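Have the sequence and the 3D view open side by side, and let us walk through them together. We will go from strands to helices, then to one residue, and end with a pocket.

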Amino acid sequence: MKIAAIGSGNMGGTLGKRWAALGHQVMFGSRDPHSQKIKLLLQDAGTNAQAGTIREAAAFGEVILLAVLPDDVEHVLAEAGDLKGKILINCTNRYDGKSADAEVRRLAPNAHVVRAFHTLPWEVLADPRYDAGTATAFLSGDDPAATATVAHLISEMGLDPVEVGVPDGMAQVETAVGTLWSVLAPRFGREYSLSVLRR
């Protein structure tokens, strides 16, 4: 699968490298695709990875990961162009009380937006193995085919995908995860995780 990772920081870089290692073709989209940071990232990612501008990456990817800071979302999506028919994974977070999900849906109305990965720190995405079980990655989306595609990408990485339905369901999950984070992260650090057990 062709995957564009727009954003080359901890989240975008980690997910892009893992997908490249699994055999997917990955293009990192950057405002400066020839920077030293991108060159080092490509060395780590291997032969299945390349870099381009944000517009080039958006055109390349069947699936596009949006992994940028909240202040960059609007201009990055404008630079990406029309994403009609593309699967857009939104893993951005906002910390000002506004909905990161609603913002991306407004700015990319023609994309199949799937909310995923934003409830996990990058350290868990880099190494999701736990002796006691499998870390859960929550996801939501309106398009069943797009959501199933992202769920498959999640499973390939060794995570347990759990769909939580429509965006309102994800908003409730985000609140719950944020509350648990404030209690548990000070005790266990950034690499603790949650697993949903079901029969």
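**A walk from sheet to pocket**

Strand β1 (residues 2-6) and strand β4 (residues 63-66) run parallel and are joined by 4 bridges. You can pick out one of these partnerships yourself: Ile 6 has Leu 66 as its bridge partner in β4. Keep in mind as you look that this is a predicted model. Strands of a sheet pair through backbone hydrogen bonds, and they can do so in a parallel or an antiparallel way.

Now widen the view to the whole sheet. How many strands does the open sheet have, and in what order do they come? There are 8 strands, in the order β3-β2-β1-β4-β5-β6-β9-β10, and their pairing is mixed. At the edges you will find β3 (49-52) and β10 (160-163), each of which pairs on one side only. From one strand to the next, the twist averages 25 degrees.

Next, look at what packs on this sheet. Helix α5 (residues 100-107) does, touching β4, β5 (87-90), β6 and β9 (136-141). The direction of α5 makes about 160 degrees with that of β6. Helix α8 (residues 167-188) lies across β6 and β9, and α8 runs at about 150 degrees to β9.

Let us zoom in on a single residue, Arg 115, which sits in strand β6 (residues 112-116). Is Arg 115 buried or exposed? Its relative accessibility is 2%, so Arg 115 counts as buried, since the cut-off for buried is under 20%. What does the side chain of Arg 115 reach? One target is the backbone oxygen of Thr 92, at 2.7 Å, and another is the backbone oxygen of Asn 90, at 3.1 Å. Leaving aside neighbours within four places in sequence, Arg 115 is in contact with several residues, among them Cys 91, Asp 101, Phe 138, Met 170 and Glu 174.

Finally, turn to the empty space. Rolling a probe the size of a water molecule over the atoms shows where such space is left. The largest pocket holds about 1200 Å³ of space. It is lined by 47 residues, and the closest to its centre are Cys 91, Thr 92, Asn 93, Tyr 95 and His 118. The elements that give two or more residues to this lining are α1 (10-21), α5, β9 and α8. Which element gives the largest share of the lining? That is α8, with 5 residues.

Definitions and conventions: Residues numbered from 1 in each chain as written. Predicted model: local features only at pLDDT ≥ 70, side-chain atom pairs only at ≥ 80, totals over all residues. Heavy atoms only, no water. Buried < 20%, exposed > 50% of the residue type's maximum accessible area, 1.4 Å probe, protein only. Polar contact = N/O pair within 3.5 Å; in protein donor to acceptor, adjacent residues only side chain to side chain. Contact = heavy atoms within 4.5 Å. Pairing = 2+ DSSP bridges. Axes fitted to C-alpha atoms, helices over the stretch in contact; angles between N-to-C directions. 1 Å grid on protein atoms, 1.4 Å probe; cavity = no way out; pocket = protein on both sides within 12 Å on 5 of 7 lines; lining within 4 Å. Points joined across faces, edges and corners; volume = space filled by probe spheres on them.
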